[in-house]
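Please work through the following exercises with the sequence and the coordinates open side by side. Each task is followed by a solution that proceeds step by step.

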Amino acid sequence: MVDTNVAITANAKNHMSPECALACQIALDQLMKTDRLVIDAEWGIIGGNYSPLR
């Protein structure tokens, strides 16, 4: 399971450094290549609390 903050940081949508954003991008890329990644396409889990991901 990956916290939504990883995706938010990967998109540089918060106050984290560019280095941290790149680390999150690399981690998500590796996850998508080696494991299964489930997307909450209907926003049923994430809901409105994570609008930076939209």
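The exercises below concern a predicted model, and they move from the whole chain to single residues.

**Exercise 1. Describe the overall make-up of the protein chain, in terms of its helices, strands and burial.**

Solution. Begin with the secondary structure: the protein chain has two helices and zero strands. Turn next to burial, where 20% of the 54 residues count as buried. The accessible surface of the chain comes to about 4400 Å², and 56% of that area belongs to carbon and sulfur atoms. Finally, consider the contacts between residues at least 6 apart in sequence, of which 35% join residues at least 24 apart.

**Exercise 2. Determine how the buried and the exposed residues of helix 2 are arranged, and which element the buried ones pack against.**

Solution. First establish the extent of the helix: helix 2 comprises residues 18–34, and its 17 residues reach 24 Å from the first C-alpha to the last, close to the 24 Å expected at 1.5 Å a residue. Next list the residues of helix 2 that are buried, namely Ala21, Cys24, Leu28 and Leu31. Because these residues cover an arc of only 90 degrees around the axis, they lie on the same side of helix 2. The spacing fits a general rule, since an α-helix has 3.6 residues a turn, so residues three or four places apart point the same way. On the other side of helix 2, the residues Pro18, Glu19, Gln30, Lys33 and Thr34 are exposed. The last step is to identify the packing partner, and the buried residues of helix 2 pack against helix 1, which spans 4–10.

**Exercise 3. Decide whether threonine 9 is buried or exposed, and find which residues it touches.**

Solution. Locate the residue first: threonine 9 lies in helix 1. Its relative accessibility is 6%, and because buried means under 20%, threonine 9 counts as buried. Leaving aside residues up to four places away in sequence, threonine 9 touches Asn14, Met16, Cys20, Ala21 and Cys24. Of these contacts, Ala21 and Cys24 are among the buried residues of helix 2.

**Exercise 4. Find how many salt bridges the whole structure holds, and characterise the residues that take part.**

Solution. A search of the whole structure finds one salt bridge. Aspartate 29 forms a salt bridge with lysine 33, and their closest N and O atoms are 3.1 Å apart. Because aspartate 29 and lysine 33 are four residues apart in helix 2, about one helical turn separates them. As to solvent exposure, aspartate 29 is partly exposed, with a relative accessible area of 35%, whereas lysine 33 is exposed, with a relative accessible area of 65%.

Note on methods:
Residues are numbered from 1 along each chain as its sequence is written. This is a predicted model: local features need pLDDT of at least 70, side-chain atom pairs count only at pLDDT 80 or more; totals for chains, interfaces and linings use all residues. Side-chain values use heavy atoms; hydrogens and water are left out. The expected span of a helix is 1.5 Å times one less than its number of residues. Buried means under 20% relative accessible area, exposed over 50%, partly exposed in between (1.4 Å probe, protein chains only). The arc is that of the directions from the helix axis to the C-beta atoms. Contact means heavy atoms within 4.5 Å. Accessible areas come from the Shrake-Rupley method with a 1.4 Å probe; for residues, only the protein chains shown count as cover. A salt bridge is a side-chain nitrogen of Lys or Arg within 4 Å of a carboxyl oxygen of Asp or Glu.
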